Amino acid sequence: MRILKIENIGSDCYKIAAERAEFFLRAHYLKFVRKEELCEGAEFLEEREEDLIFAGLAFAAEKKAVSYLERCEQCRAGLQKKLAQKNFEKAAVESALDYLERRDFLNDGRFARAWLNSHRIAKPQGRARLSAELASRGISRQVSENALREFFEECGEKELCARALKKRVREKKSGEKLVAALIRDGFSYKMIRAAMAEFNEAEFEFSKANPADMVE
């Protein structure tokens with residue numbers, strides 16, 4: 001490969017016009033070629049040519065990953081899957097995601113916290129269900145535990161169970177079906193029974209109230 005024209009488009013990024021192709025690359029991804037060697041007229045053969053091609057593929061994977069990250073927080077496993085579906089080479093994807101993690105553009109812990117907060121209102125769920133959901137998204141156990149600890153420090157699991165109970169009651173669930181639904185939501189049987197007892201007591205106290213006392 002002979003470089004016919006090269007343009008520095010950033011501190012570490014280049015637009016390269018070669019004899020048979022035009023592409024972009026980030027010098028960070030080069031393993032054998034030094035950045036100082038990138039100049040017009042330079043020729044690269046065999047593994048050095050492959051090095052340039054790989055750097056171009058990794059940079060393309062990086063740009064696509066960034067486009068997803070600009071929309072919302074992403075996890076590494078999720079990006080790996082999305083980029084694989086776009087037919088990016090696996091090694092190039094791994095290099096690109098490593099780079100983005102080092103720059104903190106990609107952070108599984110930040111994704112886990114954002115994902116948990118998004119479920120706080122719409123889908124009140126218990127620790128077991130939330131932990132399983134994070135694991136299914138490729139979040140490591142340690143990262144998941146840290147995110148869950150922070151999450152439940154801000155929002156108690158008992159409160160979430162009470163909200164989930166009210167939601168399921170509004171869905172007309174009762175008895176064993178109600179308990180089964182709450183267990184699927186990730187709450188322990190003990191916590192469910194306690195929430196049901198408090199809910200039934202509140203309903204009983206409301207039913208005892210004299211309607212006349214409620215009129216202003």
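In this predicted model, strands S2 and S3 run antiparallel and are joined by 5 bridges. Across this pairing, alanine 17 stands opposite glutamate 22 in S3. The two strands belong to an open sheet of 3 strands. Its order is S1-S2-S3, and the pairing is antiparallel. S1 and S3 form the edges, each pairing on one side only. On average, neighbouring strands of the sheet are turned by 25° against each other, direction ignored.

A helix covers part of this arrangement. H1 packs on the sheet and touches S2 and S3. The direction of H1 makes about 80° with that of S3.

Sheet and helices also meet in a nonpolar core. The largest such core has 34 residues. Ile16, Leu25, Leu38, Leu52 and Leu97 have the most contacts inside it. Two or more residues each come from strands S1 (3–8), S2 (13–18) and S3 (22–26). Helices H1 (46–69), H2 (76–85) and H3 (90–102) likewise give two or more. H1 supplies the largest share, 9 residues.

Isoleucine 16 illustrates the surroundings of one core residue. Beyond its neighbours within four places in sequence, isoleucine 16 is in contact with Ile3, Lys5, Ile6, Ala21, Glu22, Phe23, Leu25 and Leu38. Of these partners, Leu25 and Leu38 are, like Ile16, listed among the residues with the most contacts inside the core.

A second core is separate from the one described above. This second core has 25 residues, including Trp115, Leu116, Phe152 and Leu160.

Note on methods: Residues are numbered from 1 along each chain as its sequence is written. This is a predicted model: local features need pLDDT of at least 70, side-chain atom pairs count only at pLDDT 80 or more; totals for chains, interfaces and linings use all residues. Side-chain values use heavy atoms; hydrogens and water are left out. A nonpolar core is a set of buried Ala, Val, Leu, Ile, Met, Phe, Trp, Tyr and Cys residues joined through side-chain atoms within 4.5 Å. Buried means under 20% relative accessible area, exposed over 50%, partly exposed in between (1.4 Å probe, protein chains only). Helices (H or I, at least four residues) and strands (E, at least two) are DSSP runs, numbered from the N terminus. Contact means heavy atoms within 4.5 Å. Two strands pair if DSSP finds at least two bridges between them. Axes are lines fitted to C-alpha atoms, for helices over the stretch in contact, and angles run from 0 to 180 degrees between N-to-C directions.
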